[in-house]
Amino acid sequence: MSATKIVVVADTHSAPHPRSRELIAREKPDRILHAGDIGSLAVIDDLAKIAPTLAVRGNIDVHAAELPDALTIDLAANGAELTLLLLHIAVNGPKLRADAVRRAQSEGASLVVCGHSHVPFVGRDKGVMVFNPGSIGPPRFHLPIVFGVMQIANGKMSLEHVDCETGERWLPSTV
């Protein structure tokens with residue numbers, strides 16, 4: 001059985017990094033998730049040319065009434081079953097907000113995928129995995145321009161980030 005690969009993006013703010021499309025396509029995703037602050041909905045249309053794309057509304061997406069504030073997505077691949085909750089705002093620093101925890105628990109989600117902070121993050125809080133893909137939009141502070149890759153294979157899930165500047169896997173600096 002083959003792996004399921006999902007690319008996760010957030011905070012494009014109408015201006016995805018010039019290399020993001022090429023790098024996302026290189027991943028050959030089965031699906032793309034956008035965790036909000038899309039800006040122009042043409043961004044979603046462009047991503048959908050690479051793979052089926054699901055998106056939620058972010059705090060700047062008031063014009064996108066057709067998008068939900070949150071999506072619960074059930075995934076099953078290669079013996080692994082996973083329910084994830086996709087929403088824009090879910091964390092305060094590395095901690096899940098109480099409303100996100102309640103929603104994840106009520107939906108049976110073991111993974112919360114969110115954006116908003118532009119800070120790439122993989123962690124666990126209150127028994128729930130948290131994945132923030134970072135941002136592929138305009139630079140903010142000194143944060144990297146990255147997107148997330150989620151792969152489910154052999155009953156296991158891996159989460160990582162790809163740097164849009166280098167095209168390489170991104171890891172936080174240890175300096």
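**Exercise 1. Overall build**

What radius of gyration would a compact globule with 175 residues have, and what does the chain have?

*Solution.* The model is a predicted one. Start with the expectation: a compact globule of 175 residues would come out near 16 Å. Next, take the value for the chain, which is 15 Å. The two agree. Then add the extents: along its principal axes, the C-alpha trace covers about 40 × 35 × 35 Å. Turn to burial: 50% of the 175 residues are buried. Finish with the contacts. Of those with a separation of 6 or more, 54% join residues 24 or more positions apart. As for secondary structure, the chain holds three helices and 13 strands.

**Exercise 2. The faces of α3**

Find which residues of α3 are buried, and state where they lie around the helix axis.

*Solution.* First, locate the helix: α3 runs over residues 98–107. Second, pick out its buried residues, which are Ala100, Val101 and Ala104. Third, look down the axis. The buried residues of α3 fall within an arc of 100°, so they line one face of the helix. Fourth, check the face turned away from the buried side: Arg102 and Ser106 are exposed there. Last, step off the end of the helix. Glycine 108 comes just after α3 and has a positive phi of about 70°.

**Exercise 3. The largest pocket**

Give the volume of the largest pocket, and say which helix supplies the largest share of its lining.

*Solution.* The volume is about 160 Å³. Now list the lining: Arg57, Gly58, Asn59, Asp69, Ala70, Leu87, His88, Ile89, Asp99, Ala100 and Arg103. Sort these residues by class. Four are nonpolar, three are polar and four are charged. Then assign the largest share, which is three residues from helix α3. Ala100 is on the lining list, and Ala100 is also among the buried residues of α3.

**Exercise 4. Two positive phi values**

Compare the setting of histidine 116 with that of phenylalanine 141, and classify the exposure of each.

*Solution.* Begin with the general rule. Most residues other than glycine have a negative phi. Now take histidine 116: its phi is positive, near 80°. Histidine 116 sits in the loop between β8 (111–113) and β9 (121–125). Its relative accessibility is 30%, so histidine 116 is partly exposed. Phenylalanine 141 also has a positive phi, about 50°. Its loop lies between β10 and β11. At 69% relative accessibility, phenylalanine 141 is exposed, because the cut-off for that class is over 50%.

**Exercise 5. Contacts of two loop residues**

Is histidine 17 buried or exposed, and which residues does it contact beyond its neighbours within four places in sequence?

*Solution.* Place histidine 17 in the loop between β1 (4–9) and α1 (20–26). Its relative accessible area is 14%; buried means under 20%, so histidine 17 is buried. With neighbours within four places left aside, the contacts of histidine 17 are Ile136, Ile145, Cys164 and Glu165.

Now do the contact step for proline 144. Proline 144 belongs to the loop between β10 (128–132) and β11 (146–153). Leaving out residues up to four places away in sequence, proline 144 touches Pro120, Ser135 and Trp170. For a distance across the chain, take aspartate 125. Aspartate 125 and proline 144 are 19 residues apart along the chain, and their C-alpha atoms are separated by 23 Å.

Note on methods
Residues numbered from 1 in each chain as written. Predicted model: local features only at pLDDT ≥ 70, side-chain atom pairs only at ≥ 80, totals over all residues. Heavy atoms only, no water. 1 Å grid on protein atoms, 1.4 Å probe; cavity = no way out; pocket = protein on both sides within 12 Å on 5 of 7 lines; lining within 4 Å. Points joined across faces, edges and corners; volume = space filled by probe spheres on them. Helix = DSSP H or I, 4+ residues; strand = E, 2+ residues; numbered from the N terminus. Nonpolar A, V, L, I, M, F, W, Y, C, P; charged D, E, K, R; others polar. Buried < 20%, exposed > 50% of the residue type's maximum accessible area, 1.4 Å probe, protein only. Contact = heavy atoms within 4.5 Å. Arc of directions from axis to C-beta. Rg over C-alpha atoms; globule rule 2.2 N^0.38 Å.
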